Amino acid sequence: MTDVQGAVQRARHAASQARQAAAARAQRDQRRETLTRELFARPVRDCAQQSLGQPVRVLRAGALTPLDELGLDQLRDRGYEITVVTVDQPGPWAPAAGAEVRIGDLRSVPLPPRSFDIVHCALLLDRIRHVELVLDRFTGALRPGGFLLLRIRDRDCALGLIDRHLPRPARRRLRARTDPAAGAPAGPGRPGSSAYVAVYEKAASDRGIQAYARMRGLLITQRETARTWPDGPDRLARTVSAACRLVARLTRGRLTDAHDEVLYVIRKPEERFARIV
C-alpha cells in the first residue's frame, strides 16, 4: 500500500468516526431535549388547566433560558393565555416574542411576591454568586401551588470539577460543545459569554438544591439527570471523557461521571402554615 493510499484510508476512517460521533451526539441531544420537554411542559400544562380562565404567568430567569422547553406555543394554540416576564442584565439579545422584559440583576430586580405560576431557570446557577438568595427570590415570586423548574450543571460531578479548573479558552470550547445556547448572542457575565466564569457555589449542586428544598419546605416532585459532555474522535472530547473517568475513579464516585446536569420540578406547597420564604 502506498503512502497516498494509506493517507486516504486514514482520512476516510477519521471521517467515518466523526460522522458516527456526530450521529451519537445528535441522538443524545434529542433524548435530552425530549426528556426536558416532557419533564417541564407537564407542570406548565397542569397550571394552564387549573387557571380557570386566568393567564398563566411565567418568570424566565435569563434570556438564554429556553422557553421551548415549556410547550407554550402548544398551549397558546389551544386557547390558553400565557404571559412571560424575562429578567436579565443588559445585552445584545433579542427578547422572546410577546415577552415582557425587566432589565436588572436577579438578586435585586423587583419581583412582586406570589405573582408567578412558573419560574424557569436553566444552566444559570453554576455561573452566579449568592445562589440561595436568587432561589429565595424565585420562591417568593411563586404563588402557592406554583412550580420552580430548574436545570443546573451539578457542582458535584466530574465535569463540574473539570469545568472549574480549565483555562478559559478550553472552557469556552467545552461549553460550546455542551450548552444548547452557547452559540447565542450574549453579553459579559452571562451564559454563553467567553467572559463568564465558572462559580459553582455549593448550593449549585444536586445536594445543594435538595438541601435548599428541604430547608424551605418545598417539594421536589420530579428529578432527572442528563449526561451532556462531548464524545467523539477529536482531542478535546477524548481528553474530557478520559478526565471525567479519572476524576470519578479517584473520588470513588463522589464526583460522578454518570451525569453532569440535573433537572428538577419543585412545587411550592399550598398549605397555609408551610415554611416558605
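User: What is the relative accessible area of Arg143?

Analyst: This is a predicted model, in which local features need pLDDT (the predictor's confidence in each residue, from 0 to 100) of at least 70 and side-chain atom pairs count only at pLDDT 80 or more, while totals for chains, interfaces and linings use all residues. Residues are numbered from 1 along each chain as its sequence is written, and side-chain values use heavy atoms, with hydrogens and water left out. Buried stands for under 20% relative accessible area, exposed for over 50%, and partly exposed for the range in between, with a 1.4 Å probe and protein chains only. Arg143 is partly exposed, at a relative accessible area of 23%.

User: Which residue meets the side chain of Arg143 in a salt bridge?

Analyst: A salt bridge requires a side-chain nitrogen of Lys or Arg within 4 Å of a carboxyl oxygen of Asp or Glu. The partner of Arg143 is reached at 2.3 Å, N to O, and is Asp117. Arg143 lies in strand β5 (residues 142-153) and its partner in strand β4 (residues 116-122), so the pair ties together parts that are 26 residues apart in sequence. The partner counts as buried at 12% relative accessibility, and it is Asp117.

User: How many residues apart in sequence are the parts that Asp206 and Arg223 tie together?

Analyst: Asp206 forms a salt bridge with Arg223, and their closest N and O atoms are 2.6 Å apart. Asp206 lies in helix α6 (residues 206-216) and Arg223 in strand β6 (residues 219-226), so the parts that they tie together are separated in sequence by 17 residues.

User: How many of the seven residues of strand β2 are buried?

Analyst: Helices (H or I, at least four residues) and strands (E, at least two) are DSSP runs, numbered from the N terminus. Strand β2 covers residues 82-88 and is largely enclosed by the rest of the structure, because its buried residues number six of the seven.

User: How many bridges join strand β1 to β2?

Analyst: Two strands pair if DSSP finds at least two bridges between them. Together with helix α2 (residues 72-77), β1 and β2 make a right-handed β-α-β unit; right-handed means that, with the strands pointing away from the viewer, the path from the first strand over the helix to the second runs clockwise. Val56 stands opposite Ile82 in β2. Strand β1 (residues 56-61) and β2 run parallel, and the number of bridges joining them is six.

User: Which residue in β3 stands opposite Thr86?

Analyst: β2 pairs with strand β3 (residues 100-103) in the parallel sense over four bridges. The residue in β3 opposite Thr86 is Val101.

User: How far apart are the closest N and O atoms of Arg102 and Glu100?

Analyst: Arg102 is buried, with a relative accessible area of 18%, whereas Glu100 is partly exposed at 38%. The two form a salt bridge, with a separation between closest N and O atoms of 3.1 Å.

User: Which cysteine has the sulfur nearest to that of Cys244?

Analyst: A disulfide is a pair of cysteine sulfur atoms within 2.5 Å, and the structure holds zero of them. Cys244 is in no disulfide, and the nearest cysteine sulfur, 7.3 Å away, is that of Cys157.

User: What is the average pLDDT of the chain, and over which residues is the pLDDT below 50?

Analyst: The chain averages a pLDDT of 81, and 73% of the residues score at least 70. One stretch has 37 contacts (heavy atoms within 4.5 Å) beyond near neighbours in sequence, yet its pLDDT is below 50. Where pLDDT is low, the predicted coordinates should not be read in detail. The values asked for are thus an average of 81 and, for the stretch below 50, residues 180-195.
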